[in-house]
Structures are given as C-alpha cells and as structure tokens.
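This briefing is meant to be read beside the sequence and the coordinates. Please keep both open while going through the points that follow.

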Amino acid sequence: MEDRLREAVAQSRADYTEARWEQVTRSRVAFQRDQLMALESGEEAGGIVRCLVRGAWGIAVFTDPKELPRKVEEATELARTAARHVADPVALAPVEPVEARWQGEVRRDFRGVPLEEKRRLAEGYNKLLLEHSPLIASTSVRYTDSWRTTIYANSEGTYVEQGIPDVTLMVAAVARRNGDIQQGFESLGYAAGFEAVLGKEEQALQAAQRAVDLLSATPVQGGTYTVILDPDLAGVFIHEAFGHICEADFLLKNAPLREVMRVGTRFAVEFLNVVDDGYRARERGNAPYDDEGVPRRKTYLIKDGVLSGLMHSRATAHKMGAEPTGNARAVSWEHEPIVRMRNTYIEPGTASLEEMLHGIERGLYACAAFGGQTMFEQFTFSAAWGHEIVNGKIGPMVRDVVLTGNVFHTLQNIEMIGTDFKLEGSAGGCGKGGQWPLPTTTGAPHVRVRNVTVGGR
Ligand SMILES: [Zn+2]
C-alpha cells in the first residue's frame, strides 16, 4: 500500500495531492438490563484522495486500492471543474515534509483478546449495577475498541504511517422510585489497551449509587451562585464553550466572532492557561500527526489569560497568516479532515479544594456533565449532579443543575483554579460538520467561578 500511495500522489497532475488509506479493526459489546444487545467485531478499510487545482478541492473516496490512480484523476477532474467557479481560493500554509511511523503503546492489545472475554467484562460490570439496589430499574454497559491504522502520503513528499488504539467503557444505571427516575453514569476512554478498562468496579458502583442518591436529592434552587466546577465538568466546559470557537474554520465562517477572537486579546484572569495538545500518554485525543501529515503541536489557546493561538488546518492557517497546528482531523476515510480538537484542557493552578470552598457562604458544587449546548458565546450545561456549598463545606446533594452563561464573562469570572488536575477521555466523542464521534479528551482541575446563573425549579 505504501508504494501505491507514494506513486499515485507523485504522478498526479494536480497542484497538490494527498491520499490516505485507513484500516480499522473494531469490536463492541453492549448490555441493557440483563440483555446482551450487541456482541460484534469487524474490520473495514477505505481511502480518500484530495486534489487541489487553482484553489479548489476535488475529493474522491475508494475501497479498492487498485482504484487509487483512477481516483486521483477523478479528484483532479472534480477540482478543475470546481476551480472555474471558486470564489474563495484555497491555499495551504507551508510545512516541512516528514517521513514518520508511529504506533500507539498498549500493554495488552485488545485485538488479541477474545470477544468472549470482552463480553464477560461488560457482563460483570452490568451485574454489579443490576444487583446494587432494588431501586435500580435499568442499566446500560457498553465496551468498544478500535485500532485505526492510517497511511498518508502527499505530493510534497510527506509520508506518515500511524496506528492509534482506542478503548472505551460506558456504564449507566437508572434508579426509579414511584414516578421519579434518575441516572448515574461513568464514561471512560483511552488510547490504550484492554488493561485500561479493567478494575473499574468501584466506578461502576459509584454510578449506580449516584442514581439511587439522586432520588433523594432536592432540585437545586435557581439563582446566581459562586460555583465550583469539578474537573470533569470544567473540562467539558472548556471544550464545548471555548474550544469550538477557537477552531479557525468556524471563525472563518463567523465574521463577528472572528473580530472578537483576535490573538493577543485578554479574555480571562491572568492565571488561566488553556491548552490543546496532540499527544498525552494514553489519551484518546492523540493525533501525533494530523490527517494532513502535520506533526502535532502543543497549542496554548489561552496563555496567562490572553488568547494566544487558534487551532488550524493548513488551509485556515494560510488564510489567517498563522502556522498549521496539527488539528486537521477526519473521523474516518470517508471524510476530509476539518479543524478539530485533540486533548484540550485547563492547566492546573495553585488552590486546594479546601481553599476554594473557603469563604463561600452559599454556593454550588457542580459535577460532571449530562450534556451541553452552545450557541456562539452562549452556553447551557446540565451537570450530572451537584452539592450545595454551605459555609465553606460541601453539603447536601442537589439535582437538575443547569448552568447557563456567556463564555467570555465566565472566563473573566474565574476566581481560583485547583492543583488537582484530571485529564480523562469519555466514551463519547466530539461531533462537528457531520463527523462524529471523533475521539477527544478534555481535562481540568477544580475551577471556582463567581456569578454563575443556575437554572432550577
Ligand atoms: Zn466538541
């Protein structure tokens, strides 16, 4: 395959050509209540060619390697046609050609683990949830793994081979009493081997217990609070509310926000640092080389409170006079790369949780996220659960915690950042432009924010 790719891009008559061939091995186990819902493994392979002619892209996908030369011609032809109508020509920021081979490290390769063993693992977690309490009405456990091998070559001489492991575990329990229904979950994901999802019994039990506890929790009282976000929720916040608006392709389509998001502008308190990093050991968001063959970079989105970088593909970097950052990623061989996050996190600060709680007479401790929505600079997040903070101590559990606000105001209102940094992928993935689920990782320490609007009943 290597020779085929190198030859095809070298012989192309387009201004620029790249080809990516991808092979994915995956398996999946799912339980719901006491039922095995899925037990499967499979493989797929396919490729994509992109050609640039006079500022216009032509794209062709294929599944038979022998088709590659013909697909290069097809993509070139498409690009030529598109070039006649192109209003906003594409150009690529320069990068040094690289030759690289990279393999993710695993202790126990899940490709060698029998499907039956994966089934037993999921069944074990499911049983723990089911038997935890008579109040547990339903459970869901999902195990997935995939090994994505990509071969990439472009007409500038870059050649990259990568093998990226991905393993996830999601456990969820639903508790019911009378008409009330509550849920607890844990969602984990790693660029690692089978070992990464073993020994999670404690977390599974905590999820089940949380569902039960939430039945007795009172809905939070709406209002404006000083809130401490736990590391999970703070990580989701920085990805959803801030990370997505640091994606250069998004900004190029949103002129008003682009004006706001000028590198060098102060956005936050001076002790806030936000990073998007292409490699952290065992993390799901790893992309040592992106899907344009650009080596990873650690990009500070916010450094000392100031917007210091955006995330780029080669095309957006050219348009905005920046350097490519290695953020062009595709969810699979059927898609072209677009600007995506990788491992995105808030760097640790200096405060202990105790110091953060100190001085809060009546506040809120908001934990994990059920989900969130963002609309430009406005966000809404549902915390999975919360606790009142009363006179500097963590108090009773509350539920229905919905945080809303403006991301820029919220960044200014950060009061303290904890030392207790946690970076951990979840089992889901990021969605954008029809490409979902892309493995990403979010992380943060505890973060204390004043004046947060909390919706409640
Ligand atoms: Zn996302």
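Which residues does Thr442 touch, leaving aside those up to four places away in sequence? In this predicted model, Thr442 touches Gly235, Val236, His239, Thr344, Lys422, Leu423 and Glu424. One of these contacts, His239, is also a protein donor of the zinc ion, and the points below take up that site together with the domains, the first helix and a set of paired strands.

**Thr442 and the zinc site**
- Thr442 is found in strand β24, which covers residues 441-444, and with a relative accessibility of 18% it counts as buried, because the cut-off for that class is under 20%.
- The zinc ion has His239 (NE2), His244 (NE2) and Cys430 (SG) as its protein donors, and these lie 2.1 to 2.3 Å from the ion.
- Along the chain, the donors of the zinc ion follow the spacing H-x4-H-x185-C.
- His244 lies in the loop between α5 (231-242) and α6 (248-252), whereas Cys430 lies in strand β22 (residues 430-432), so the pair ties together parts that are 186 residues apart in sequence.
- Both His244 and Cys430 are buried.

**Two domains and their interface**
- The domain assignment divides the protein into domain 1 (2-216) and domain 2 (219-455), with 22 Å separating their centres when these are taken over C-alpha atoms.
- Contacts between the two involve 55 residues of domain 1 and 41 residues of domain 2.
- About 3,800 Å² of area is buried between domain 1 and domain 2, and carbon and sulfur atoms give 56% of it.
- Within domain 1, the residues that lose the most area to domain 2 are Arg20, Ala93 and Leu214, which together make up 13% of what that side buries.

**Helix α1**
- In helix α1 (residues 2-11), Leu5, Ala8 and Val9 are buried; seen down the helix axis, the buried residues of α1 fall within an arc of 90°, so they line one face of the helix.
- Asp3, Ala10 and Gln11, on the other side of α1, are exposed.
- The buried residues of α1 pack against β1 (16-32), α2 (68-83) and β5 (136-154).

**Strand pairing around β19**
- Strand β19 (residues 402-406) pairs with strand β17 (residues 378-390) in the antiparallel sense over five bridges, and Phe379 has Gly405 of β19 as its bridge partner.
- Strand β19 is also joined to strand β25 (residues 447-455) by three bridges, the two running antiparallel, and Leu403 has Val454 of β25 as its bridge partner.

Notes:
Residues are numbered from 1 along each chain as its sequence is written. This is a predicted model: local features need pLDDT of at least 70, side-chain atom pairs count only at pLDDT 80 or more; totals for chains, interfaces and linings use all residues. Side-chain values use heavy atoms; hydrogens and water are left out. Buried means under 20% relative accessible area, exposed over 50%, partly exposed in between (1.4 Å probe, protein chains only). Helices (H or I, at least four residues) and strands (E, at least two) are DSSP runs, numbered from the N terminus. The arc is that of the directions from the helix axis to the C-beta atoms. Contact means heavy atoms within 4.5 Å. Donors are N, O and S atoms within 2.8 Å of the metal (3.2 Å for Na, K and Ca); water is not among the atoms, so sites may look incomplete. Two strands pair if DSSP finds at least two bridges between them. Domain bounds come from an automatic or database domain assignment. Buried area is the accessible area (1.4 Å probe) that two parts lose on being put together, summed over both.
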